[in-house]
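I opened this notebook to record what I looked up in the structure shown below. The entries follow the order of my reading.

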Amino acid sequence: MGGEYEKAFKESMEDPEAFWGNVGEDIAWYKKWDKVLDTSNMPFYKWFVGGEMNTCYNALDYHVEEGRGEQTALIYDSPVTDTITKFTYSELKDRVSKIAGFLKGLGVGKGDTVISYMPMIPEALMSMLACARLGAVHSVVFGGFAPKELAIRIDDARPKVILSASCGIEGQKVISYKPLLDEAVDIASHKPERCVILQRPQVSAEMRPGRDMDWMEQEENASPADCVPVKATDPLYILYTSGTTGLPKGVVRDNGGHAVAMKWTMKHIYGINPGDVYWAASDVGWVVGHSYIVYAPLLLGATTLMYEGKPIGTPDPGAFWRVISQHNVKALFTAPTAFRAIKREDPEGKYLEGYDLSSFETLFLAGERLDPDTYHWAANLLKVPVIDHWWQTETGWTIAGNFRGLEEFPVKPGSATVPMPGYDIRILDPVSGEELPRGENGIIAVKLPLPPGTFSTLWQNEKGFKETYMDPYPGYYFTGDGGYVDEDGYVFVMGRVDDVINVSGHRLSTGSMEEIVAEHPDVAECAVMGVADNLRGQVPIGLFVLKSGASKSPQEVASEVVQSVRSEIGAIACFKKAVVVERLPKTRSGKILRGTMRKIADSEEYAIPSTIDDPAVLGEIEMAMGTIGYGKDR
Ligand code: COA
Ligand code: AMP
């Protein structure tokens, strides 16, 4: 080992400009940077200031020029359409250049925004790279979001063009995307000039004349577009993520720092070399998809695998083993939920039999806390290192984790292992903001500046960037997670300290669900909270108080609020249970005691808060929880 980690970490702390400047040499620049790190306007620090490059060039053209044109860049494996397609770096470059060509023809240029609302098909990845090629800013919206959520993102990003497809395929279900897109554009105040639709064979989308265009027709008639040099600090993409309110936050990623960090992580964290097959079983709509289906593997010159299927049911819980063995996957990255789903259907791992997994070296898990049970099950079954790593949409890459390329640490189940180079993790007292000693639980914060590749601001919302992340503990980035660092320096992430929950590794806001429930005309007040779930990690449940003289029965209201959340946020919210209560537990100052209710639902020990207005209400809450299968009856 030789202490490579310690050396890298120490240098990244003591001389970040030297450390990242050295790493930055690995990227092709049209013009080298003037300054590695500009801290003159904190907390808006900037990396590689003065540098010019193009992310798409680095991800595609560079490899073709270096002689890797015939190597496979992308494997598309879709059990739901029974398709496997491979694209070499040259083929991918040609397709992306033509897509960039038609976007250019539609007037898309440097700094313009484009929304991509796509299922897990190669064109989703291509759409992102095509924008990057032109210096346009893409914003990918996860296909599972309902029209209203898409509309919110359209109004914030104000895209010139929206790229979409006629349908997505979710296990056995075919979901028409075009009616959802039409509804979203109708609701939104901002109207895109054009919607370009890829017609998939399963569904033919109806086109709106004058606005909608056929993707393949556009692509066939387009002239290829070249890469446009952009500043390292220019935005590459906006990715919306849930916060504590109904309004999602547009995380902005720059071009230069992002490319530098992505390429470094691929090698050092994931242990991948050019030509290796790497599979992130996520969705391009999430940050894992952005970083590790699209950008990092291609920047490194690896082969990325895009999977349009589920861990179970497409067709069975052996799906992941089939993909790994068929394509010689070296490392898989997914969410613990996927493994819990496989474990539930195939606890003995029988479906593994007959598959040759000799290529497989590491399983990486993230997106939610990795429970020790799932860790042990996966490690025993696969007999390869299982690496938990903690990160967020805001950071774009691992804050704390283990390495397969730098120095591997012994695993402590339940811990994400050690801080990555560039991340100065501190545990703070939530009230005083003072640093806490090792072993004590508090707020996990990162001393500024954050390393390259992390978010530079929120889209057109510098105020929100400061208020949400930088002002709570001045000089630190507030992660929103709580936890501790043990005596060996291992980081334990215990969960969010705000209203954000993780459902199947998908980040959602209980605040936004509460806003929807509260809109019901018969609801006087409500609380939505994330409770523990064996499969999904967490699921939201709702408690509501009826208005006096409500016109509907509690059951009717419950099913209507469930339906509203499904149609306004999407099925992915998994909000399936709501129950009426006479009153909600509150402090004397009127604050709803969500934490105590969550403990009741999870059947955890809880202390009656000293600030509670009326302790008797907790008994009523226990009874109500029991009727929907939570609390003591779990
Ligand atoms: N478009 C439209 N609808 C979608 C969708 C999409 N892209 N993705 C999910 N949905 C729908 C599903 O069809 C389902 O609808 P339903 O309530 O009508 O059944 C609902 O949203 C919930 O989806 P999901 O959480 O995927 O549940 P599931 O029961 O279909 O599958 C798992 C369960 C555990 C297999 C699945 O959640 C999974 O694979 N999780 C891995 C998580 C992951 O990859 N996270 C990414 C971060 S790394
Ligand atoms: P997202 O922005 O969707 O990636 O969600 C980020 C959040 O997921 C974090 O703030 C954590 O709460 C949670 N999370 C991600 N990875 C881990 C992990 N390895 N362990 C614990 N929590 C995690």
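In which loop, between which two strands, does Pro248 lie? I found Pro248 in the loop between strand E14 (235-241) and strand E15 (249-254); strands are DSSP runs of at least two residues, numbered from the N terminus.

I noted that this is a predicted model, in which local features need pLDDT of at least 70 and side-chain atom pairs count only at pLDDT 80 or more, while totals for chains, interfaces and linings use all residues. Residues are numbered from 1 along each chain as its sequence is written, chains are lettered from A and ligands numbered from 1 in the order in which they are written, and side-chain values use heavy atoms, with hydrogens and water left out.

I then asked whether Pro248 is buried or exposed. Pro248 counts as buried because its relative accessibility is 14%, and buried means under 20% relative accessible area (1.4 Å probe, protein chains only). Leaving aside residues up to four places away in sequence, I saw that Pro248 touches Ile152, Arg153, Tyr240 and Thr241; contact means heavy atoms within 4.5 Å. From Pro248 to Gly530 I recorded 18 Å, C-alpha to C-alpha, across 282 residues of sequence.

I turned next to ligand 2. An oxygen atom of ligand 2 lies 2.5 Å from a polar side-chain atom of Asp481, a polar contact being a pair of N or O atoms within 3.5 Å. For Arg496, I noted a side-chain N or O atom 2.7 Å from an oxygen atom of ligand 2. A polar backbone atom of Glu368 is 3.4 Å from a nitrogen atom of ligand 2.

Note on methods:
A polar contact is a pair of N or O atoms within 3.5 Å; within protein, one must be able to donate a hydrogen and the other to accept it, and residues adjacent in sequence count only if both atoms are side-chain atoms. Helices (H or I, at least four residues) and strands (E, at least two) are DSSP runs, numbered from the N terminus. Buried means under 20% relative accessible area, exposed over 50%, partly exposed in between (1.4 Å probe, protein chains only).
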